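Here's a short tour for anyone meeting this structure for the first time. Keep the picture open as you read.

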Amino acid sequence: MGEPTSPSRSAGKKVAMALQDPEWPTLKSNLAMRVRTIRLELYGEHGGPLLAAALNVPFRTWYNYEGGCTIPAESILRFIEVTQVSPGWLLTGEGEKYLSP
C-alpha cells in the first residue's frame with residue numbers, strides 16, 4: 001500500500017486535472033458571463049467600479065475577471081457575499097439566481 005494522500009494533495013490533483021479538462025475554457029467563460037450578468041443587474045452598465053470597490057479589488061482586476069481571467073477564491077466568495085448570488089447558479093447557470101433572504 002502507498003502512503004495516505006493528504007487532503008491538500010488530493011485537492012491539488014483535482015485542480016490540476018480540472019485545468020487539463022478541455023471544458024475548462026468554457027467553464028471559465030461561462031463563469032465570467034454569469035458574474036457580468038449579476039454586475040449588470042445589481043450595479044448597471046457602468047457599475048463595475050462600484051462593485052470592484054465593494055469587493056476591495058481594483059476595477060481593472062474586476063474587468064479582467066469579467067473577461068474570463070481566473071477569479072481567486074477570496075474574490076468569488078466576497079462576490080457571493082456582496083451580491084447574494086447563489087453559488088450553484090454561479091457555477092452552473094441553473095436554479096435560483098439569488099439566495100433566499
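## Before we start

A helix here is a DSSP run of H or I covering at least four residues, and helices are numbered from the N terminus. Also keep in mind that what you're looking at is a predicted model.

## R78 and its neighbours

Let's begin with R78, which sits in helix 5, the stretch covering residues 73-83. Is R78 buried or exposed? Neither, quite: its relative accessibility is 33%, so R78 counts as partly exposed.

What does R78 touch once you skip its neighbours within four places in sequence? The answer is A54 and L55. Right beside those two in numbering comes N56, which is 22 residues away from R78 in sequence, while the C-alpha atoms of N56 and R78 are 9.0 Å apart in space.

## Aromatic pairs

Now for the rings. A pair of aromatic rings is described by how far apart the centres are and by the angle between the planes. How many aromatic pairs does the structure hold? There are three. One of them is F59 with Y63: the ring centres are 6.2 Å apart and the planes meet at 50°, so this pair is tilted. Planes under 30 degrees apart would count as stacked and those over 60 as edge-to-face, so 50° falls into the tilted group.

F59 and Y63 both belong to helix 4 (residues 59-66), and because they are four residues apart there, about one helical turn separates them. F59 is partly exposed at 40% relative accessibility, and Y63 is partly exposed too, with a relative accessible area of 46%. Next come W62 and Y65, whose ring centres lie 5.8 Å apart with planes at 85°, so they make an edge-to-face pair. W62 and Y65 are both in helix 4 as well, three residues apart, or about one turn of the helix. Both W62 and Y65 are buried. Ring pairs also bring in F79, linking W62, Y65 and F79 into a cluster.

## A buried arginine

Last stop: R34, found in helix 2, which covers residues 24-43. R34 is buried, yet it has no salt bridge. Where is the nearest side chain of opposite charge? That would be E94, and it is 8.3 Å away from R34. A salt bridge would need a side-chain nitrogen within 4 Å of a carboxyl oxygen, so R34 and E94 don't make one.

So what is R34 in contact with, leaving out its neighbours within four places in sequence? W89, L90, L91, T92 and G93.

Note on methods
Residues are numbered from 1 along each chain as its sequence is written. This is a predicted model: local features need pLDDT of at least 70, side-chain atom pairs count only at pLDDT 80 or more; totals for chains, interfaces and linings use all residues. Side-chain values use heavy atoms; hydrogens and water are left out. Helices (H or I, at least four residues) and strands (E, at least two) are DSSP runs, numbered from the N terminus. Buried means under 20% relative accessible area, exposed over 50%, partly exposed in between (1.4 Å probe, protein chains only). Contact means heavy atoms within 4.5 Å. Rings of Phe, Tyr and Trp (its six-membered ring) pair if their centres lie within 6.5 Å; planes under 30 degrees apart count as stacked, over 60 as edge-to-face and the rest as tilted. Lys and Arg count as positive and Asp and Glu as negative; His and the chain ends are not counted.
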